[in-house]
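Let's take a walk through this structure together, one chain at a time and then residue by residue. Have the sequence and the 3D view ready, and follow along.

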Amino acid sequence: MTITVSGLSASHSGRTILQETDVTIRPRERIGLVGASGSGKSTLGHALIDKLRAQGERSVAHVPQSPDEALDPLRSMAFHWREAERASGLAPDQARRQELFAALRIEGGDLRKRPWGWSRGMQQRFVIAMALIGTPDLLVMDEPTSALDPVVAASTMSLLENYLSDRQTALLLITHDLGLAACRMDRLMVMQTGRIVEDAPTQKVLSAPKTDAARSLCLHRSWLELPC
Amino acid sequence: MIKLVASLVLRASVVLTGTALATFALLWNAPGDPALAIALARYNAVVPVEVIDQVRAEAGLDGGFWSAFSGWITPLILGDLGQSSVTGRDVWPELVTAMSYTFPLALAGLLVGIAISVPLALLATQRPGGWLDRCAVALASIGAAIPAYWLGLLLILLFAVQLGWLPAMGARTPAHMLLPALTLGLGVAASLTRILRSGILEARGQHFLPAFRRRGVAASDISRHHVAPHVAVPVVTVFGLELAFLLEGAVMVEVIFSRPGLGSFLVSAIEARDFPKVQAVVILSAVLFVTINLLIDLLYRALDPRIGERDA
């Protein structure tokens, strides 16, 4: 079922950082939310998650920029996993864990260890796996690969896409990496100063950008040469 | 783990040996003749030189510093605190009696400190920067600045002299414990409130907590599983130090409130230059400090294993 949220907005210290925004996301859709730093991408993502959670109608999951922002260094990976299962209202299920670990190639990680006992790439894949525990309707990923090197980032995204290929989960990828979004997303939403200024299929935005924000992003074609 | 405990125990042994040597050297080099002081305390009268020499020999003070030190430290290693050079009685039973007054007072002071600081810190952190928070910070600062001896006298003046509600001197009934425990506890509460407050605020600001909220983890679970353990790390450190300093505070409070205990035991021993008794109190304090520090070190590593990893 299509997710429709209207009237998203946010302000900080009396300053509006997200203008009133409506978002519609269809099942299985792959959307790239792009824009320059400070344009309000993460704020929109957070506002969307908070509103959907408050409504309680749709399941939504979140993957932050870095595993440091998602994992408690004093708690074991097993603890994080159990807690994520409880938060999704699910009973512990080893088969589900194994399936997700296999899909995201989380191999050889000792669950008794704390996050810092795992590599960064494994930590981030673990965070993605946690987000997928309840097979959410929407997965919001906020610069999920910026803490990883380009090769690990590309392989992580491929593993995720493979896993989601036969599921209804929609993906909202918040990124300033237009190359990554261009490669993997069907639709781009371009943000500028707290509002969505362009919302169109990826190829359309890349071939005929209508706004200054989109044109400015498209100028940096060199990003397309990196692994994505 | 065995290696870690062994290295901590080795460190503790070095500290204890150094403490024993330093205390003995300080007493040895204090102005005046120790044998004369012991003789005066023992006979309570002016004594001939022969008696002083006899006392010197009995106390093992006639063979020089190292001979006297080894004569004291050797049995101590085997757990024998020796005999009082004034009364000739074993030090250990007297020390145990003194501790039976001091330790309950220290514990009561600690409980008062916890009972005040925990709710105060929790209330203060409900709205950081609010009037309650500012009051708590002000109270904690005032509490830390007031010396125990002055606070004790103020409490005596108010509750014993002016209001006549509580006894001021002695240790006959549980009511005699209240004012000393309050004096001791208010100082503990001041430092614990400050560290708890800052620990809670810092832990609540951890950058990973928003992700837990967005993951749907209940607020109570976040507080219990992800805030409390981060608060515990700095609090354990300060709590351990407080625990060790409580003994020192209790000794001072005992003197103010004329309570029996380690305070009066130590003061009378210093006045009589009773080496074994003074040494026993100093060694007891050192053992307590070192043991508490050792336990904190281990607890610290259990709470945050990254500390052990860094050391390795």
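How many helices and how many strands are there in chain B? Chain B has 13 helices and zero strands. Reading along its sequence, you therefore meet the pattern α-α-α-α-α-α-α-α-α-α-α-α-α. Please keep in mind that you are looking at a predicted model. Its scores are ipTM 0.85 and pTM 0.75.

Stay with chain B for its overall form. Measured out along the principal axes, its C-alpha atoms fill a box of roughly 85 × 60 × 30 Å. Chain B has 312 residues, and 31% of them count as buried. If you take the contacts in chain B with a separation of 6 or more, 73% of them come from residues 24 or more positions apart.

How far can you trust what you see here? The mean pLDDT of chain B is 85, with 98% of its residues at 70 or more. Confidence in chain B is highest in helix α9 (residues 209-214), at a mean of 92, and lowest in helix α13 (residues 305-311), at 66. Where pLDDT is low, the predicted coordinates should not be read in detail.

Now look at one pair of helices in chain B. The axes of helix α6 (residues 131-145) and helix α8 (residues 175-204) of chain B come within 8 Å and cross at roughly 135°. An angle over 145 degrees would count as roughly antiparallel, so α6(B) and α8(B) are oblique to each other. Their crossing is left-handed. On the α6(B) side, the contact is made by Ala136(B), Ala140(B), Gly143(B) and Ala144(B). The residues that α8(B) brings to it include Leu186(B), Gly187(B), Ala189(B), Ala190(B) and Ser191(B), and Thr193(B), Arg194(B) and Arg197(B) also belong to the α8(B) side. By character, the residues of this contact divide into six nonpolar, four polar and two charged.

From here, turn to the place where the two chains meet. The contact takes 18 residues from chain A and 15 residues from chain B. On the side of chain A that touches chain B, α1 (41-55) and α2 (77-87) of chain A each supply at least two residues. It is α2(A) that gives the most to this side, with three residues. The residues on the chain A side divide into nine nonpolar, two polar and seven charged.

Let's move on to some individual residues of chain A, beginning with Asp93(A). You will find Asp93(A) in the loop between α2 and α3 of chain A. Asp93(A) is exposed because only 12 or fewer neighbours are allowed for that label, and Asp93(A) has 11 other C-beta atoms within 10 Å. Its C-alpha atom is separated by 9.5 Å from that of Arg82(A), eleven residues apart along the chain.

Further along is Arg105(A), in the loop between α3 (94-103) and α4 (120-131) of chain A. Arg105(A) counts as exposed, with 12 C-beta neighbours inside 10 Å. The backbone deserves a look here: phi of Arg105(A) is near 50°, a positive value in a residue other than glycine. Most residues other than glycine have a negative phi.

Thr135(A) also has a positive phi, near 40°. Thr135(A) lies in the loop between α4 and β5 (138-142) of chain A. With 17 other C-beta atoms within 10 Å, Thr135(A) is partly exposed.

Thr135(A) leads us on to Gln168(A): these two residues are 33 residues apart along the chain, and their C-alpha atoms are separated by 8.5 Å. Gln168(A) is found in the loop between α5 (150-164) and β6 (170-174) of chain A. Is Gln168(A) buried or exposed? Gln168(A) is exposed, as 12 other C-beta atoms lie within 10 Å. Leaving aside residues up to four places away in sequence, Gln168(A) touches Pro27(A), Arg28(A) and Asp137(A).

Our last stop is Ser158(A), in helix α5 of chain A. Ser158(A) counts as partly exposed, with 13 C-beta neighbours inside 10 Å. Ser158(A) and Leu104(A) are 54 residues apart in sequence, and 9.1 Å apart in space from C-alpha to C-alpha.

How values were computed:
Residues numbered from 1 in each chain as written. Chains lettered and ligands numbered in written order. Predicted model: local features only at pLDDT ≥ 70, side-chain atom pairs only at ≥ 80, totals over all residues. pLDDT = per-residue confidence, 0-100. Helix = DSSP H or I, 4+ residues; strand = E, 2+ residues; numbered from the N terminus. Buried ≥ 20, exposed ≤ 12 C-beta atoms within 10 Å, placed from the backbone. Contact = placed C-beta atoms within 7 Å. Axes fitted to C-alpha atoms, helices over the stretch in contact; angles between N-to-C directions. Parallel < 35°, antiparallel > 145°, perpendicular 65-115°, else oblique. Left-handed = near helix turned anticlockwise from the far one by under 90°. Nonpolar A, V, L, I, M, F, W, Y, C, P; charged D, E, K, R; others polar.
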